[in-house]
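Student: Please take me through one part of this model at close range, and keep the reasoning visible. I would like a single connected account rather than a list.

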Amino acid sequence: MKKIAIIILLAIPCLIHSRDWSTVVASIAHVESNGDASAVNGDAVGLLQIRPVLVKDVNRILKKRKSNKRYSLKDRYNARKSREMFEIYQSYYNPNGSVERAIRLWNGGCGDSISGTQKYYNKVKKAMQ
């Protein structure tokens, strides 16, 4: 089941901008949840271990873009919707599509330091290989 969820993530085309996030998302999913879409760790859930604050921020971004689309907390368990939220978040905070920035953002948010995300960055980079 875990490998199927990661394969599904890889098969979903990028919806937000031209960067192909497949390898990054699959690697983050491996590090975050070991590919388990039902994983729960406190308030972080799903393949990408999405917290409620990220869902709220993505919905804020969508509202700014005058989109009618919104995500619910339940959507964090859905591989496709989790991938969409990842891409929306990246397109807003990482418009140049930097892989390093993407990994660090996912771990530490917008204000975290490089040193504060270094261990996580190393884990994801290793998973990408």
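**From the start of helix 2 to the aromatic cluster**

Tutor: The side chains of S22 and D20 are joined by a polar contact of 2.7 Å, in what is a predicted model. S22 belongs to helix 2, which spans residues 22–33, and because its relative accessibility of 10% is under the 20% limit, S22 counts as buried. Between D20 and S22 in the sequence comes W21, and R19 lies over the face of W21, at 5.3 Å from the ring centre.

Further along helix 2 the account reaches the nonpolar interior. The largest nonpolar core has 27 residues, and those with the most contacts inside it are I28, L48, V58, F86 and W106. At least two residues of this core come from each of helix 2, helix 3 (52–64), helix 4 (79–93), helix 5 (99–108) and helix 6 (114–128), with helix 4 giving the most, namely 6 residues. In general, nonpolar side chains of soluble globular proteins tend to be buried together. Leaving aside residues up to four places away in sequence, I28 touches L48, F86, W106, Y120 and V124.

Two of those partners, F86 and W106, also belong to a cluster that ring pairs build from W21, F86, Y89, Y92, Y93 and W106. There are 5 aromatic pairs in the structure. One of them is formed by Y89 and Y93, a tilted pair with 4.8 Å from centre to centre and 55° between the planes. Y89 and Y93 are 4 residues apart in helix 4, so about one helical turn separates them. The general background is that an α-helix has 3.6 residues a turn, so residues three or four places apart point the same way. Both Y89 and Y93 are buried. For the pair of Y89 and W106, the ring centres are 6.0 Å apart and the planes meet at 85°; because that angle is over 60 degrees, the pair is edge-to-face. This pair links distant parts of the chain, since Y89 sits in helix 4 and W106 in helix 5, 17 residues apart. Y89 has a relative accessible area of 6% and is therefore buried, and W106, at 9% relative accessibility, likewise counts as buried.

W106 leads on to helix 5, where A102, I103, R104, L105 and W106 are buried. The cover over the buried residues of helix 5 includes helix 2, helix 3, helix 4 and helix 6. R104 lies over the face of Y121, at 4.3 Å from the ring centre. At the N-terminal end, helix 5 is capped by S98, with a side-chain oxygen 3.4 Å from the backbone nitrogen of E100, and after helix 5 comes G109, whose phi is positive, near 70°.

Some values for the protein place this region in context. The protein has 6 helices and 2 strands, in the order α-α-β-β-α-α-α-α along the sequence. Of the 129 residues, 43% are buried, and among contacts between residues at least 6 apart in sequence, 53% join residues at least 24 apart. The accessible surface comes to about 7,200 Å², with 53% of it belonging to carbon and sulfur atoms.

Terms used
Residues numbered from 1 in each chain as written. Predicted model: local features only at pLDDT ≥ 70, side-chain atom pairs only at ≥ 80, totals over all residues. Heavy atoms only, no water. Buried < 20%, exposed > 50% of the residue type's maximum accessible area, 1.4 Å probe, protein only. Polar contact = N/O pair within 3.5 Å; in protein donor to acceptor, adjacent residues only side chain to side chain. Core = buried A, V, L, I, M, F, W, Y, C linked by side-chain atoms within 4.5 Å. Contact = heavy atoms within 4.5 Å. Phe/Tyr/Trp six-rings, centres within 6.5 Å; stacked < 30°, edge-to-face > 60°. Lys NZ or Arg CZ within 6 Å of the ring centre and 35° of its normal. Areas by Shrake-Rupley, 256 points an atom, 1.4 Å probe, with all protein chains shown as cover.
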